[in-house]
Amino acid sequence: MERQEGRSEQFLRLYRKLEGLLEKRYSGKKVSSSVVMEYLHDPDSAPCRADLDMCRDIRNLLTHNDDEDGQPVVEPSEGVVELLGDIVDYVQRPRLAVDYGTPGEKIMFAHPNDLALDVMRHMMRMGYSHVPVRDKTGLVGVFSAGALMSYVGDRGFEALKDDLRIGDLKKELSVDNEHTDKYLFFDSKTTLTTVRMAFEKPQERNRRLAVAFITEDGGQHSQVLAMLTPWDALKDKN
């Protein structure tokens, strides 16, 4: 009769599987000491960091401390084995930010030639606070109340004419404008945890991160796959 695998063996098997997954994840990257320690310092490990650190300690006890008969001095409980299995599942299938934002095909985009008044009316009707602006080259900026205020601050209220075009706010739309909201770009493999931490991180000069854009390669001019607001990133928070 085939011997049933004990909990210690199950635990070590799962831990080896975890190490294999992380070795692939950090392939080609110089890690500090071990792939597990590298992952513990990775923002993506935040949801399971404390549990993984505990499992790492248990693994060290199982592999480096035997009694006089050569048996491990501890045996993980069934709950701990299940916990490690959950960690392995999380590493295998991390929550990607692209799945939590507004998909690219549902994003309201403005064009530089659009009338600013028309765009503002649509934003008010739909409850939008930020509208990305694109032309044939890709994303060229973001229209928002902050961009409009910056424009008025420079030119005065008399500059707000009925024929004002979105493209007239070129400087204010720029994602590099230090006087408007902050925008960041991430690639399609970025996890929800990484984007969430970007929203939670204190910003310089009181500039808040307003929108995170997901593109295939993380570049501004690549196709926008998804757009995340703070609400998108923080919903379903564990």
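**Exercise 1. Cysteines**

Task: In this predicted model, find how many disulfides there are, and explain why cysteine 48 has no bond to cysteine 55.

Solution.
Step 1. Take the sulfur of cysteine 48 and look for the closest cysteine sulfur; that one belongs to cysteine 55, at 9.2 Å.
Step 2. Compare this distance with the cut-off: a disulfide needs two cysteine sulfur atoms within 2.5 Å. The sulfur of cysteine 48 is therefore too far from that of cysteine 55 for a bond.
Step 3. Turn to cysteine 55. Its nearest cysteine sulfur is that of cysteine 48, 9.2 Å away, and cysteine 55 is in no disulfide.
Step 4. Extend the search to the whole structure: the result is 0 disulfides.
Step 5. Add the surroundings. Cysteine 48 has a relative accessible area of 8% and is buried. Cysteine 55 is buried as well, at 0%.

**Exercise 2. Two residues around helix α3**

Task: Decide whether methionine 54 and serine 45 are buried, partly exposed or exposed, and list what they touch.

Solution.
Step 1. Place the residues. Methionine 54 sits in helix α3, which covers residues 49-64. Serine 45 belongs to the loop between α2 (35-40) and α3.
Step 2. Recall the cut-offs: buried is under 20% relative accessible area, exposed is over 50%, and partly exposed is in between.
Step 3. Apply them. Methionine 54 has 34%, so methionine 54 is partly exposed. Serine 45 has 0%, so serine 45 is buried.
Step 4. List the contacts, leaving out neighbours within four places in sequence. Methionine 54 is in contact with Val80 and Leu83. Serine 45 touches Tyr39 and Leu40.
Step 5. Check a long separation. Between methionine 54 and phenylalanine 143 there are 89 residues in sequence and 47 Å in space, C-alpha to C-alpha.

**Exercise 3. A hairpin**

Task: Describe how β2 and β3 are joined and how they run.

Solution.
Step 1. Locate the strands. Strand β2 spans residues 130-135, and strand β3 spans residues 138-144.
Step 2. Find the link: a hairpin of 2 residues joins β2 to β3.
Step 3. Count the bridges and read the direction. There are 6 bridges between β2 and β3, and the strands run antiparallel.
Step 4. Name partners. Histidine 130 has serine 144 in β3 as its bridge partner. Aspartate 135 stands opposite glycine 138 in β3.
Step 5. Look at the cover of β3: 6 of its 7 residues are buried, so by the cut-off these lie under 20% relative accessible area.

**Exercise 4. An open sheet**

Task: Give the order of the strands in the open sheet, and describe the setting of phenylalanine 213.

Solution.
Step 1. Write the order: the open sheet has 4 strands, β1-β6-β5-β4, and the pairing is mixed.
Step 2. Identify the edges. β1 (102-103) and β4 (182-186) each pair on one side only, which makes them the edge strands.
Step 3. Examine one pair inside this order. β5 and β6 (residues 224-228) are antiparallel and share 4 bridges. For isoleucine 214, the bridge partner in β6 is alanine 226.
Step 4. Place phenylalanine 213: this residue is in β5, residues 209-215. At 0% relative accessibility, phenylalanine 213 is buried.
Step 5. Compare sequence with space. Phenylalanine 213 and leucine 228 are 15 residues apart in sequence, and their C-alpha atoms are 6.4 Å apart.
Step 6. Collect contacts. Beyond four places in sequence, phenylalanine 213 is in contact with residues including Pro132, Leu139, Tyr183, Phe185, Val224 and Met227.

**Exercise 5. The largest pocket**

Task: Find the volume of the largest pocket and describe its lining.

Solution.
Step 1. Read the volume: about 230 Å³.
Step 2. Count the lining: 13 residues, with Thr102, Tyr128, His130, Met227 and Thr229 nearest the centre of the pocket.
Step 3. Sort the lining by type: 6 residues are nonpolar, 5 are polar and 2 are charged.
Step 4. Find the main contributor. Strand β2 gives the most to the lining, with 3 residues.

**Exercise 6. A loop residue**

Task: State whether threonine 180 is buried or exposed, and which residues it is in contact with.

Solution.
Step 1. Threonine 180 is in the loop between α7 (170-173) and β4.
Step 2. Its relative accessible area is 6%, so threonine 180 is buried.
Step 3. Leaving aside neighbours within four places in sequence, threonine 180 is in contact with Gly146, Ala147, Ser150, Glu172, Ser174 and Arg207.

Methods:
Residues are numbered from 1 along each chain as its sequence is written. This is a predicted model: local features need pLDDT of at least 70, side-chain atom pairs count only at pLDDT 80 or more; totals for chains, interfaces and linings use all residues. Side-chain values use heavy atoms; hydrogens and water are left out. On a 1 Å grid over the protein atoms alone, a cavity is a set of points where a 1.4 Å probe fits but cannot get out, and a pocket is an open set with protein on both sides within 12 Å along at least five of seven lines; lining residues have an atom within 4 Å of a point. Grid points are joined across faces, edges and corners, and a volume is the space filled by probe spheres set on the points. Ala, Val, Leu, Ile, Met, Phe, Trp, Tyr, Cys and Pro count as nonpolar, Asp, Glu, Lys and Arg as charged, and the others, Gly among them, as polar. Buried means under 20% relative accessible area, exposed over 50%, partly exposed in between (1.4 Å probe, protein chains only). Two strands pair if DSSP finds at least two bridges between them. Contact means heavy atoms within 4.5 Å.
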